[in-house]
Amino acid sequence: MTSMITDHAVPNALRRRAGAAHRTRLWDLAEVRWATLASALFLAGLAASLTGLPDWTWWTLYLACYAAGGWEPGLAGLQALREKTLDVDLLMVVAAIGAAVIGQVFDGALLIVIFATSGALEAFATARTEDSVRGLLHLAPDTATVLGPDGERDVDAAELQIGDRILVRPGDRIAADGTVVSGVSDVDQATITGEPLPIDKRVGDDVFAGTLNGSGTLTVRVERLAGDSVVARIADMVAQASQTKAGAQLFVEKVEQRYSLGMVVCTLAVFAVPLAVGADLQSSLLRAMTFMIVASPCAVVLATMPPLLAAIAHAGRRGVLVKSAVVMERLAAVDAVAFDKTGTLTTGRPVVNEVWSVDGDPDQVVASAAALERVSEHPLAAAVVAEADRRGLAVTAATEFAAHAGAGVSGRVAGRRVTVMAPRGHRGILAPEARDAIDRMQADGMTVVVVGMDEVAIGLLGFTDAVRVEAADTVVSLTALGASTVLLTGDNAQSARRVATEVGIADVRADLLPQDKTAAVVALQGGGRSVAMVGDGVNDAPALAASTAGIALGGVGSDLALQAADVVIVRDQLSAVPATLAFARRARRVVVANLVIAATFIGVLVIWNLVGTLPLPLGVAGHEGSTVIVGLNGLRLLHRSAWPRAAVR
């Protein structure tokens with residue numbers, strides 16, 4: 001089992017700032033290499049036996065498969081024995097060896113391959129999560145410009161001390177958590193708070209490491225060391241939450257101790273008791289080996305893993321990557337879904353939601369603003385230009401363009417001075433009806449700018465983050481599945497309520513920092529709910545990791561969110577969330593049916609072997625028959641019709 005990053009590794013690494021983050025490749029993991037070798041040897045042995053090659057050739061290949069795939073779980077099992085515990089991995093190795101002893105080497109090799117592949121997938125998922133946490137170390141810049149008595153000097157960001165004053169130029173990422181002591185600018189802090197639009201920052205405002213400065217220059221007083229910054233705490237929370245979930249197991253693993261111990265005791269009894277009352281050694285050994293074969297949980301393992309792996313494969317074809325069988329099992333239990341807002345329920349791109357005009361000519365307001373915004377790089381600029389294009393307006397080229405940090409833009413359009421400015425500082429010269437319109441639009445969660453011409457306001461533009469077209473239908477589908485929904489966002493309460501009302505979510509929690517989102521998810525789980533968190537940003541990563549099942553949108557998601565999540569929706573389709581939950585429930589029903597089938601076969605064969613004489617060939621046939629039945633039943637989840645039926649349930 002690959003260990004997760006410890007609680008203190010991230011802050012220490014932040015202080016070291018050692019090189020670029022390494023991304024683990026599949027082949028870097030020893031578990032993957034051994035599982036691949038075991039699978040190749042198994043397939044080679046199968047081909048050799050089917051083509052009629054001498055017995056020794058395929059026996060040799062199968063036994064090599066045993067060694068490649070079984071040495072690690074066998075060694076782990078022996079180490080567990082030293083600690084007076086018995087796990088199912090060792091039992092599988094013993095059962096595989098027992099199968100080989102009585103000539104059923106194929107059965108044992110198949111069991112070895114299943115366990116080796118499962119362990120490799122788990123190791124890869126864990127390694128990628130560690131990579132993503134390490135990747136956070138490089139969100140903030142490596143260096144910072146410190147202002148001192150002797151002027152400017154560049155230092156390692158990890159060496160910044162509380163009280164240092166750092167210069168943040170336009171377009172720079174802020175190197176440390178701190179407070180603005182001079183300057184005005186707009187800062188994109190979506191990575192921390194999830195707010196879709198840059199936030200004006202002035203003297204006295206807080207800023208966070210890793211956030212992106214806009215068009216102004218800021219002087220920031222450092223308030224936290226690198227290891228204590230918000231971004232470092234996010235990494236810590238992801239690591240801790242992942243450790244907490246690492247103990248989750250498949251249902252079949254939860255009873256492994258009792259089953260393993262019971263099977264060993266019974267096998268020894270089946271061998272020793274007849275021998276003690278006069279039976280010969282060969283018949284006693286044969287009965288014991290037959291018991292071990294028919295009682296071995298091969299069918300139980302195949303009842304659980306193949307259906308879940310088939311479900312994972314089918315979901316992958318639908319653009320949904322489920323990282324493990326344990327995750328698929330957890331998805332089936334989800335009864336509450338928490339959504340992030342920006343980039344999840346919304347597109348993350350602002351659009352013009354309302355145009356208010358003083359003289360009733362909204363086209364003039366849009367055209368005048370678009371003339372300036374065509375040459376602006378502000379996130380709102382593209383929305384204004386898109387609105388002008390949608391209206392089919394002719395836009396005049398602007399001259400004397402100027403950007404005013406934290407305020408807006410100005411220039412000349414057809415000889416007249418035009419401004420597109422934030423309402424702050426302009427309210428005193430606005431007509432009462434314009435001030436009322438601003439208040440109303442802001443209460444509706446809009447970002448508002450004032451469009452002026454020759455120092456007179458001619459109208460207002462209200463911007464919102466566009467809601468995804470499928471968001472409302474997604475909430476309806478989840479409700480039909482019996483899952484409640486909640487909105488968790490770092491954005492303001494007005495914007496949150498507007499989006500929640502539009503998509504049909506009643507439970508709204510706004511103005512949340514990453515730790516607040518995580519606390520909200522943990523509180524929901526503390527109430528007995530199994531919670532899926534759906535998000536896309538760095539600020540969502542701790543909540544994704546802490547939830548029962550974290551679901552990230554792959555099209556817009558940050559690297560950390562994609563790695564912290566248990567499920568990645570590659571095609572960025574929000575409607576895949578209820579479909580995935582419904583499909584996971586279908587997979588769980590198949591698993592339960594398979595376990596009933598496997599238990600029935602094992603029970604009948606074991607009783608026959610104990611109270612009568614079960615011929616070895618018949619025992620093997622019954623054992624293999626149950627294996628084939630549960631295997632075929634699980635493979636039904638690969639059929640194309642499985643997903644639509646599950647999605648509409």
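Buried here means under 20% relative accessible area. By that cut-off, helix H18 (residues 493-503) has Ser-495, Ala-496, Arg-498, Val-499, Ala-500 and Val-503 as its buried residues. The model is predicted. The protein has 649 residues, of which 53% count as buried, and contains 24 helices and 22 strands.

**Overall figures**

- The exposed area of the protein is about 27900 Å², and 59% of it comes from carbon and sulfur atoms.
- Among contacts in the protein with a separation of 6 or more, 69% are between residues 24 or more positions apart.

**Helix H18 and its surroundings**

- The buried residues of H18 pack against two helices and several strands, including helix H13 (341-345), helix H17 (471-480), strand E12 (346-357) and strand E18 (484-488).
- E17 and E19 also belong to the elements against which the buried residues of H18 pack.
- After H18 comes Gly-504, which has a positive phi near 95°.

**Thr-464 in strand E17**

- Thr-464 is part of strand E17.
- Thr-464 has a relative accessible area of 4% and is therefore buried.
- Leaving aside residues up to four places away in sequence, Thr-464 touches Arg-349, Pro-350, Val-351, Asn-353, Gly-445, Met-446 and Arg-498.
- Arg-498 in this list is also one of the buried residues of H18.

**The six-stranded sheet**

- An open sheet is built from six strands in the order E2-E1-E3-E9-E4-E7, with antiparallel pairing.
- Strand E2 (151-156) and strand E7 (206-207) are the edge strands; each has a single partner strand, so one side of each has no neighbour in the sheet.
- E1 and E2 are paired in the antiparallel sense through six bridges, and a hairpin of two residues joins E1 to E2.
- Thr-143 has Asp-156 of E2 opposite.
- Strand E1 (residues 143-148) also pairs with strand E3 (residues 165-168), in the antiparallel sense and over three bridges.
- Across the E1 and E3 pairing, Thr-145 stands opposite Leu-167, and Val-146 stands opposite Ile-166.
- On to the next strand in the order, E3 pairs with strand E9 (residues 218-222) in the antiparallel sense over four bridges.
- Leu-167 has Thr-219 as its bridge partner in E9, while Thr-145 stands opposite Leu-167 in the pairing with E3.

**Packing of helices H12 and H22**

- Two packed helices are described by the angle between their axes and by the distance between those axes.
- For helix H12 (residues 325-332) and helix H22 (residues 576-611), the angle is about 105° and the axes are 7 Å apart.
- H12 is therefore roughly perpendicular to H22, since angles of 65 to 115 degrees count as roughly perpendicular.
- H12 contributes Met-328, Leu-331 and Ala-332 to the contact, and H22 contributes Thr-580, Leu-581, Ala-584, Arg-585, Ala-587 and Arg-588.
- By type, the residues in the contact of H12 with H22 are six nonpolar, one polar and two charged.

**Ala-100 in helix H4**

- Ala-100 belongs to helix H4 (residues 88-101).
- With a relative accessible area of 14%, Ala-100 is buried.
- Ala-100 touches Trp-59, Tyr-66 and Val-105, when residues up to four places away in sequence are not counted.
- The C-alpha atoms of Ala-100 and Leu-63 are 8.5 Å apart in space, and the two residues are 37 residues apart in sequence.

**Positive phi outside glycine**

- Most residues other than glycine have a negative phi.
- Glu-455 is not a glycine, yet has a positive phi of about 70°.
- Glu-455 sits in the loop between strand E16 (447-453) and strand E17 (456-467).
- Glu-455 counts as exposed because its relative accessibility is 61%, and exposed means over 50%.
- Asp-511, also not a glycine, has a positive phi of about 55°.
- Asp-511 is located in the loop between strand E19 (507-509) and helix H19 (514-526).

Technical notes. Residues numbered from 1 in each chain as written. Predicted model: local features only at pLDDT ≥ 70, side-chain atom pairs only at ≥ 80, totals over all residues. Heavy atoms only, no water. Pairing = 2+ DSSP bridges. Buried < 20%, exposed > 50% of the residue type's maximum accessible area, 1.4 Å probe, protein only. Axes fitted to C-alpha atoms, helices over the stretch in contact; angles between N-to-C directions. Parallel < 35°, antiparallel > 145°, perpendicular 65-115°, else oblique. Contact = heavy atoms within 4.5 Å. Nonpolar A, V, L, I, M, F, W, Y, C, P; charged D, E, K, R; others polar. Areas by Shrake-Rupley, 256 points an atom, 1.4 Å probe, with all protein chains shown as cover.
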